[in-house]
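The following paragraphs guide a newcomer through one protein chain. Please keep the sequence and the model in view while reading.

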Amino acid sequence: MAGDADSLPELDQEKYDADEQVKIICLGDSAVGKSKLMERFLLDEYRPQQLSTYALTLYKHTASVGNKTVAVDFWDTAGQERFQSMHPSYYHKAHACIMVFDVQRKITYKNLTNWYKELREYRPEIPCCVVANKIDADLKVTQRSFSFGKKQGLPFYFVSAADGTNVVKMFRETIKRAVEYKQNPSDFMDEVMQELENFDLEKKEENSEADEDGLTAESPELA
Ligand SMILES: Nc1nc2c(ncn2[C@@H]2O[C@H](COP(=O)(O)OP(=O)(O)OP(=O)(O)O)[C@@H](O)[C@H]2O)c(=O)[nH]1
Ligand SMILES: [Mg+2]
């Protein structure tokens, strides 16, 4: 389920037999609970102690959206200050973003501005949401209003990776928005990518139809 930088070649292998495939990234300062949220959603369990995420963890998940099977790649990385910003490949081809802060540390909320700015440099249009984590530690915070993202119309969730509040809802809605975005990209480059992907699929289908007819690319009939 979880991998690390060493298992990255896996990305190049044949993808799942899914109708759709999306990549969702997670941003936020160190220790806001990004990894715990993913663990909670994917494994539905929570281990209180963990070392900081070292480099990159890739979680693979299969979801159902409507009548479609969707293969989801969740990318999780350490948001440590020591990295300052993410490598561009982290953003590359992402279809949605989850931005997390810790309700107990104001600075992590302030830093959302920087994360958001960087996200928009690479991915100007992808759906994004703002997640206030660790509400189990102080339920009163849910009465406060956090205006970051309101102007941009970003969905906002109060969640807790520790007790699971709103975690499934937040992930499910994000997956749905990622799929919608992939199908109707508003970014020019993404439109091109989607066209190419459709073209590839059509080609594959044509080839497999030809195979069924006993024809292969080498067949003289196709020459
Ligand atoms: N009380 C409480 N603690 C939490 C919650 N989520 C995470 N934590 C704790 O916060 C710490 C950091 O969680 P991680 O998931 O490792 O944070 P991260 O954002 O992945 O951190 P990096 O990998 O360093 O970027 C851990 O000690 C968790 O146990 C939560 O919902 N409530
Ligand atoms: Mg982590």
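In this predicted model, Pro-88 counts as partly exposed because its relative accessibility is 39%, a value that falls between the limits of 20% for buried and 50% for exposed. Pro-88 belongs to helix α2, which covers residues 88–91. A distance of 9.8 Å separates the C-alpha atom of Pro-88 from that of Glu-121, a residue 33 positions away along the chain.

From this single residue the view may be widened to the whole chain. Six helices and six strands are present, and from the N terminus they follow one another in the order β-α-β-β-α-β-α-α-β-β-α-α. Of the 223 residues in the protein chain, 44% are buried. Among contacts with a separation of 6 or more, 72% are made by residues 24 or more positions apart. The accessible surface of the chain amounts to about 12,900 Å², and carbon and sulfur atoms contribute 50% of that area.

Strand β4, formed by residues 96–102, offers a suitable place to look inside. Seven of its seven residues are buried, and the strand is thus described as mostly covered. In a regular strand, side chains alternate between the two faces of the sheet. Ala-96, Ile-98, Val-100 and Asp-102 point one way from β4, whereas Cys-97, Met-99 and Phe-101 point the other way; the residues of both sets are buried.

Which strands pair with β4? One partner is strand β1 (residues 20–27), which runs parallel to β4 and is joined to it by four bridges. Here Ile-25 stands opposite Cys-97 of β4. Another partner is strand β5 (residues 128–133), paired with β4 in the parallel sense over six bridges. Within β5, Asn-133 is the bridge partner of Asp-102.

Helix α1, which spans residues 34–43, can be considered next. Is this helix largely enclosed or largely open? Nine of its ten residues are buried, and α1 is therefore largely enclosed by the rest of the structure. The buried residues are Lys-34, Ser-35, Lys-36, Leu-37, Met-38, Glu-39, Arg-40, Phe-41 and Leu-42. Their cover includes the strands β1, β2 (56–65), β3 (68–77), β4 and β5, together with helix α5 (167–183). Strand β4 thus appears in two roles: it pairs with β1 and with β5, and it is among the elements that cover the buried residues of α1.

Methods. Residues numbered from 1 in each chain as written. Chains lettered and ligands numbered in written order. Predicted model: local features only at pLDDT ≥ 70, side-chain atom pairs only at ≥ 80, totals over all residues. Heavy atoms only, no water. Buried < 20%, exposed > 50% of the residue type's maximum accessible area, 1.4 Å probe, protein only. Contact = heavy atoms within 4.5 Å. Areas by Shrake-Rupley, 256 points an atom, 1.4 Å probe, with all protein chains shown as cover. Pairing = 2+ DSSP bridges.
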